[in-house]
Amino acid sequence: MTSVYLFAVLFSIFSCDLQGYVGAVSATYFAFSSLRIDCWSYECCLEGERKSSWVHNNPAKLDKLLTDRLFGQHIAYKILKKQLAGYLEDEAPEKPFVIHISGKTGTGKNHIANLIAQARYDKSLESKYVLKIIGTHDWTHLDTRTAQERLRTEVITHVRKCRYSFVVVDEVEKLPVGTLDGISAYLDINVQVDGVDFRNTIFIFLSNTAGNQIRDYVNAQLEAGRSRSSLTILEMETLIQNTLYKSGELEQSSILSRYQMDAFIPMLPLERRHVKMCAAELIKRRGNKCGCKSLKTQKSETECIESKADAVVAEIDFSGKFSRSGCKKVYTKVNLVCPLDKRVEL
């Protein structure tokens with residue numbers, strides 16, 4: 001009788017454990033399945049090449065975008081192709097990737113940010129994992145301490161949602177001086193800061209501060225007989241760092257003294273041939289709207305694109321060798337030769 005009773009007790013315990021185990025597995029499977037189902041329809045912080053992934057560290061796609069759509073910027077291309085591509089390939093980077101991009105209006109600072117976003121996120125700049133801060137928008141009235149705290153809060157709140165975040169600070173020179181030091185701890189070699197892992201986050205600071213110095217230096221070198229392509233990463237980075245350390249957003253900054261920037265990218269002033277490349281690329285992307293793609297031969301299509309690109313360049317204002325607005329006005333000027341509404345006759 002005792003043995004029968006003991007068996008009944010053991011069976012009861014085993015049954016409860018089994019039910020609990022099955023319940024736990026079922027709940028886990030349901031939660032995981034729900035997550036995957038949601039990620040088919042809604043953007044999730046899933047990195048990889050699965051169909052349900054929204055984040056892709058894809059150096060090949062970045063390289064193609066840079067090759068096809070970045071013109072006159074051999075230094076930027078080299079830095080992004082080598083340094084950023086290497087960072088994206090590293091499954092366990094030591095620190096976030098941090099770059100400072102300097103140049104005059106229209107040389108392509110925001111364009112590069114857009115290309116990086118296209119390479120990393122299915123939704124490009126519309127991804128909820130892209131945080132864009134504009135220095136002129138509701139920051140200029142703040143004192144440095146308040147601005148630092150606000151920047152820290154916005155960045156850490158954003159990266160906490162997804163470690164594969166992309167933080168873009170545009171017109172960074174308009175922030176109160178010293179603001180960027182507020183996130184200096186997030187840019188270093190750390191596993192976690194305040195419980196958040198920043199190592200897979202990309203930070204880009206876009207600035208006009210050294211734009212005049214870059215333009216004047218490039219012009220002087222071309223006047224002295226140097227080729228544009230002979231300008232090196234080292235000489236341009238030195239020029240930018242010296243300018244930023246003496247004045248601007250990184251004046252006496254710990255970010256410079258602690259060597260937290262991975263690269264300083266100079267956006268070189270654009271010449272006529274580069275503006276024409278911008279126009280031709282946009283005309284080509286517009287396809288049939290420009291009337292070139294429907295032509296019978298490849299040669300005819302190419303000649304059509306060239307002719308329309310020349311017409312666009314003729315509408316751009318130049319100061320000496322360089323476009324005053326870079327490629328910034330190309331988009332609207334292309335409408336003169338490729339009206340979005342086909343019914344418009346020019």
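Good morning. The structure before you holds five disulfides, a disulfide being a pair of cysteine sulfur atoms within 2.5 Å. This is a predicted model, in which local features need pLDDT of at least 70 and side-chain atom pairs count only at pLDDT 80 or more, while totals for chains, interfaces and linings use all residues. Residues are numbered from 1 along each chain as its sequence is written, and side-chain values use heavy atoms, with hydrogens and water left out.

Let me begin with the overall pairing. When the bonded cysteines are counted along the chain, the disulfides follow the pattern 1-2, 3-4, 5-9, 6-10, 7-8.

I shall present three of the bonds. In the disulfide of Cys39 and Cys44, the sulfur atoms are 2.1 Å apart. The torsion about this S-S bond is about -105°, so the link between Cys39 and Cys44 is left-handed. Cys39 is buried at 1% relative accessibility, where buried means under 20% relative accessible area, exposed over 50% and partly exposed in between, with a 1.4 Å probe and protein chains only. Cys44, at 12%, also counts as buried.

The second bond joins Cys290 and Cys338, whose sulfur atoms are 1.9 Å apart. This link is right-handed, with 120° about the S-S bond. Cys290 lies in the loop between α9 and α10 and Cys338 in the segment after α11 (330-337), so the pair ties together parts 48 residues apart in sequence. On naming: helices (H or I, at least four residues) and strands (E, at least two) are DSSP runs, numbered from the N terminus. Cys290 is buried, with a relative accessible area of 5%, and Cys338 is buried at 0%.

The third bond is that of Cys292 and Cys304, with sulfur atoms 1.9 Å apart. Cys292 sits in the loop between α9 and α10, and Cys304 in helix α10, 12 residues apart. The torsion about the S-S bond of Cys292 and Cys304 is about -65°, so this disulfide is left-handed.

Cys292 brings us to the final topic, as this residue is among those that line the largest cavity. A cavity is a set of points, on a 1 Å grid over the protein atoms alone, where a 1.4 Å probe fits but cannot get out; lining residues have an atom within 4 Å of a point. About 30 Å³ of space lies in the largest cavity, a volume being the space filled by probe spheres set on the points, which are joined across faces, edges and corners. The elements giving two or more residues to its lining are α9 (272-286) and α10 (298-313). Thank you.

Technical notes. On a 1 Å grid over the protein atoms alone, a cavity is a set of points where a 1.4 Å probe fits but cannot get out, and a pocket is an open set with protein on both sides within 12 Å along at least five of seven lines; lining residues have an atom within 4 Å of a point.
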